[in-house]
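Notebook open, viewer up. I want to go through a few buried spots and a few helix pairs, one entry at a time.

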Amino acid sequence: MARLRDLASYDALVLTACIWFLAKFLRYAFPPLFGTLQSTYGVSNAVVGSAFTALMLAYAAMQFPSGLLADRVGGVRVVTAGAIVAAVAALALSISLPFAALVGVMVFVGLGTGAHKTVAVRLLSRVYPSRTGRALGVMDTFGAFGGVVAPAAVVWALAGGGPDWHVVFLGGGVVGLALAGLFQWRVPRRLPDEPDRDSGGGGASAYRALFSDRWFLVFVAVTVLFSFTYNGAVAFLPLYLEEAAGLSPATAGTLYSGLFLVSLVQVVTGDLSDRLGRLTVIGGTLALATAGLALVVAVPESPLPVVAASVVAFGLGSHGFRPVRGAYLVELIPESVAGGGLGVVRTALMGVGAVAPAVVGIVSDLAGFQLAFAVLLASLAAGLALVGVLAVGQ
């Protein structure tokens, strides 16, 4: 019975992770549809990239207000409301829409999913204070598998004789509403006795003190540079592999799924960061991601096993970095400004990351995909260099 009670105590983690899975699923169902949307609506790489950027900007815009709102009304309410908004937007995508309306609904997907991560990081750190790194690793792993399932679901829906791709979003909307209800019902009982809110944090002076710390700003720059690279790469990797590497759509889609499949590494890196130190694991994961992306950019027409290994290396490094980044930020930001402080950082990193798909789309139209991905590589390499500066400086 004690074992069953221990397992039941993880319901907050499972539900939080499942909603994050859905958020990633809805977001990453769009890149495999870029080709279909181009042929259906007669639009360019720049247009579909900009539409995805609109979604990501809406996602980024929600980070700070969701953190502040969670401080005042409770994280459970904010996460539940975000899940409902995202689910309703997904249901709207279950029917054919004009392109302008489609982009508008994509923005609402961004708003709904944007209410989750900032609030969830703090919520899980309160529910599982002694296992925060591991909990964040589990949540990020669940989320990354949304990127595994999404392209596979789209490929299935677009296959000959299969249903229309709109059914992918119909299923996502129904599941989202169910998860929102379960989250609101189960998670509040797992929170500590004190209210999930504060009196407004430490005020403007606390934020000024936080952002006057030069080493904190250096790490924020690392996360921003990583976000730019990661969001640009995942938005266009399937098309890049088709055009620059000469792979078939099916093969490119399979490798794209593999990029997310390796996200299981997040559980390992989250646990290792508790044992070996955050910066050690951060440096190692970013170095691996940089090496993988460098090979993809330098020799895109390599044999398939080499291309696959490069994509896997980029995925291992990128996913391995993410939970450690969250755990490190939780440690750096004072409790008095925890919600808003984390929200500001995530707004910055997601805002810059949201611009990446548009940049890649525009540069690829003007000069080709290889140069566009070289820009992403330069950003990631700069982030790795700053980790070295941070390690030496501290």
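**Serine 66.** I started with serine 66, which sits in helix α5, residues 63–73. Keep in mind that this is a predicted model. Is serine 66 buried or exposed? Its relative accessible area comes out at 2%, so I put it down as buried. Next I looked for a polar partner for its side chain. A polar atom of that side chain lies 2.7 Å from the backbone oxygen of methionine 62. I then skipped the neighbours within four places in sequence and listed what else serine 66 touches: Val78, Gly114, Ala115, Thr118 and Val119.

**α6 against α10.** Then I moved to helix pairs. Helix α6 covers residues 75–92 and helix α10 covers residues 166–186; their axes are 7 Å apart and the packing angle is about 160°. That angle is why I call α6 roughly antiparallel to α10, the cut-off being over 145 degrees. The crossing of α6 past α10 is left-handed. I pulled the contact list too. On the α6 side it has Val76, Arg77, Val79, Thr80, Ala83, Ile84, Ala87, Ala90 and Leu91. On the α10 side I got Phe169, Leu170, Gly172, Gly173, Val174, Gly176, Leu177, Ala180, Phe183 and Gln184. Sorted by class, this α6 and α10 contact holds 13 nonpolar, 5 polar and 1 charged residues.

**α6 against α7.** How do the axes of α6 and α7 cross? They do so at roughly 160°, coming within 7 Å. So α6 is roughly antiparallel to α7. This crossing is left-handed. From α6, the contact takes in Gly82, Ala83, Val85, Ala86, Ala89 and Ala92. From α7, Val105, Phe108, Val109, Gly112 and Thr113 take part. I counted classes here as well: 8 nonpolar, 3 polar and no charged residues between α6 and α7. Ala83 is worth a margin note, since it turns up in the α6 list for α10 and in the α6 list for α7.

**α3.** Which residues of helix α3, residues 34–41, are buried? I noted Phe34, Thr36, Leu37 and Gln38. These buried residues pack against α4 (45–61), α7 (99–114), α9 and α12 (214–243). Just past the end of α3 I checked the backbone and found glycine 42 with a positive phi of about 65°.

**Glycine 146.** Over to α9, residues 132–158, where glycine 146 is found. Its relative accessible area is 0%, so glycine 146 goes down as buried. I asked which residues it touches once neighbours within four places in sequence are left aside, and got Phe21, Lys24 and Phe25. I also took a C-alpha to C-alpha distance to alanine 29: 8.8 Å in space, with the two positions 117 residues apart in sequence numbering.

**Leucine 380.** Last stop was leucine 380, in helix α18, residues 369–393. At a relative accessible area of 1%, leucine 380 is buried. Without the neighbours within four places in sequence, its contacts are Phe226, Thr229, Leu286, Ala289, Thr290, Leu293 and Phe314. For a long-range check I picked serine 96: leucine 380 is 284 residues from it in sequence and 38 Å from it in space, C-alpha to C-alpha.

Terms used
Residues are numbered from 1 along each chain as its sequence is written. This is a predicted model: local features need pLDDT of at least 70, side-chain atom pairs count only at pLDDT 80 or more; totals for chains, interfaces and linings use all residues. Side-chain values use heavy atoms; hydrogens and water are left out. Axes are lines fitted to C-alpha atoms, for helices over the stretch in contact, and angles run from 0 to 180 degrees between N-to-C directions. Helices (H or I, at least four residues) and strands (E, at least two) are DSSP runs, numbered from the N terminus. Angles under 35 degrees count as roughly parallel, over 145 as roughly antiparallel, 65 to 115 as roughly perpendicular and the rest as oblique. A crossing is left-handed if the near helix is turned anticlockwise from the far one by less than a right angle, and right-handed if clockwise. Contact means heavy atoms within 4.5 Å. Ala, Val, Leu, Ile, Met, Phe, Trp, Tyr, Cys and Pro count as nonpolar, Asp, Glu, Lys and Arg as charged, and the others, Gly among them, as polar. Buried means under 20% relative accessible area, exposed over 50%, partly exposed in between (1.4 Å probe, protein chains only). A polar contact is a pair of N or O atoms within 3.5 Å; within protein, one must be able to donate a hydrogen and the other to accept it, and residues adjacent in sequence count only if both atoms are side-chain atoms.
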